[in-house]
Amino acid sequence: MIEKKTIQSEIVGRLRQGGRVLISSHVSPDGDSIGSQLAMYDLCKLCNCEPMIVNHDSAVPRYLFLAKHGLVDVYSADKTYPRFDCAVLLEAPEISRIGDVQKLLHPDCFVINIDHHADNISYGQINYVDARAEAVGMMVYDLFHEAGLPITRDNADELFTAILTDTGRFRFSNTTSAAMRLAADLLDVGANPKRIGDALYACYGEQQLRMIGELVAAMEIHHNGRTCLLLSDRRLRDKHTGDADEVEGLADYSLYTCSVKVGALLRELEPNCTKISLRSHGEVDVSAIARVHGGGGHPNAAGCHLNYPFKQAKSILLEQIEKALPA
Ligand SMILES: [Mn+2]
């Protein structure tokens, strides 16, 4: 990568040219996507751009505590969108990851790609890709710094959310002293960790928590205790009105048995579509498994969709996990 500082100043320079800017991120946006997008919106405004945030999917309800959540538009073919001069794509290793929002990219739209996934294919006119960044939110913060622009209390909440979720509450192996220092700076600006933590991790509906209890009680352990599957099938989902899938960190429960090296949460979305969230400890790279099925992620946290009925998806996945486990 060209020196980080150079890329950051190129991005700020481009934004200062103004114009209509599309801000987007990957399908099923997570805390890092939403937090980074909302902060990027303000950075664009301060640079005299006219930004608009458009995503393929709406954010799950736990992110609604963020004051500016109403700025996130969900793409619809029926809506009229302006012609964008520039697009800032956050957390999207390939353009296809932004789903239908791709339709808003005209051939002459200037694309700025900001990401921390190691498999990013550098598709932009400017590529700010740093696989060592703990969260894209940290990269967005650095752009404020580069531009010499102040962040607001809302931005502090947004960026704290990005860092908190992507480091698994400062617990994953990507947790660094730099992430904690920035988090401390965000507290000084007014981020409220109690409020953010409660909104993200302690805000279950009654039915949701009961469903999680059942999901965990029915977990399957395979490969001599080294693999754990959480199975969220139609039967379980029909029984409860609440949707446990909206729980931040639900897939992490699959790693809470100490012998387990690889965990997965399988969700039966359609009779022929199963959503897989993969987790692992240490050297097992689950993003390689996700990529086989058109998904992606990080070595210890990744996801994909399998276009097979639930039981078949489960056996395909088990076979691949077995191969990925150390002998
Ligand atoms: Mn991220």
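1. In this predicted model, the side chain of Thr274 comes to 3.3 Å from the backbone oxygen of Tyr308. Thr274 belongs to strand β10, which covers residues 273-280, and it is buried, its relative accessible area being 0%. Leaving aside residues up to four places away in sequence, Thr274 touches Leu266, Arg267, Cys304, His305, Leu306, Tyr308, Pro309, Phe310 and Ala313. Tyr308 therefore appears in two ways, as one of the residues that Thr274 touches and as the owner of the backbone oxygen that the Thr274 side chain reaches, for a residue whose relative accessible area is 0%.

2. Ala217 offers a contrasting case with regard to burial: this residue is exposed, with a relative accessible area of 69%, whereas Thr274 is buried. Ala217 lies in helix α7, residues 206-217. Its C-alpha atom is separated by 9.2 Å from that of Leu230, a residue that stands 13 residues apart from Ala217 along the chain.

3. Turning to the metal site, the manganese ion has as its protein donors Asp32 through OD, Glu91 through OE, His116 through NE2 and Asp166 through OD, and these lie 1.8 to 2.3 Å from the ion. Along the sequence, the spacing of the donor residues follows the pattern D-x58-E-x24-H-x49-D. Asp32 sits in helix α2 (residues 31-46), while His116 sits in the loop between β5 (110-115) and β6 (126-129), so this pair ties together parts of the chain that are 84 residues apart in sequence. Both Asp32 and His116 are buried. A reader checking the site should bear in mind that water is not among the atoms, so the set of donors may look incomplete.

4. Which residues lie nearest the centre of the second largest pocket? They are Lys4, Met138, Asp142, Ala178 and Leu182, out of 16 residues that line this pocket, whose volume is about 310 Å³. By class, the lining is made up of seven nonpolar, two polar and seven charged residues.

5. As to where that lining comes from, helices α1 (4-15), α3 (136-147) and α5 (177-189) each supply at least two residues to the second largest pocket. Of the contributing elements, α3 gives the most, with five residues. Two of the residues nearest the pocket centre, Met138 and Asp142, fall within the span of α3, and Lys4 falls within that of α1, while Ala178 and Leu182 fall within that of α5.

Methods. Residues are numbered from 1 along each chain as its sequence is written. This is a predicted model: local features need pLDDT of at least 70, side-chain atom pairs count only at pLDDT 80 or more; totals for chains, interfaces and linings use all residues. Side-chain values use heavy atoms; hydrogens and water are left out. Donors are N, O and S atoms within 2.8 Å of the metal (3.2 Å for Na, K and Ca); water is not among the atoms, so sites may look incomplete. Helices (H or I, at least four residues) and strands (E, at least two) are DSSP runs, numbered from the N terminus. Buried means under 20% relative accessible area, exposed over 50%, partly exposed in between (1.4 Å probe, protein chains only). On a 1 Å grid over the protein atoms alone, a cavity is a set of points where a 1.4 Å probe fits but cannot get out, and a pocket is an open set with protein on both sides within 12 Å along at least five of seven lines; lining residues have an atom within 4 Å of a point. Grid points are joined across faces, edges and corners, and a volume is the space filled by probe spheres set on the points. Ala, Val, Leu, Ile, Met, Phe, Trp, Tyr, Cys and Pro count as nonpolar, Asp, Glu, Lys and Arg as charged, and the others, Gly among them, as polar. A polar contact is a pair of N or O atoms within 3.5 Å; within protein, one must be able to donate a hydrogen and the other to accept it, and residues adjacent in sequence count only if both atoms are side-chain atoms. Contact means heavy atoms within 4.5 Å.
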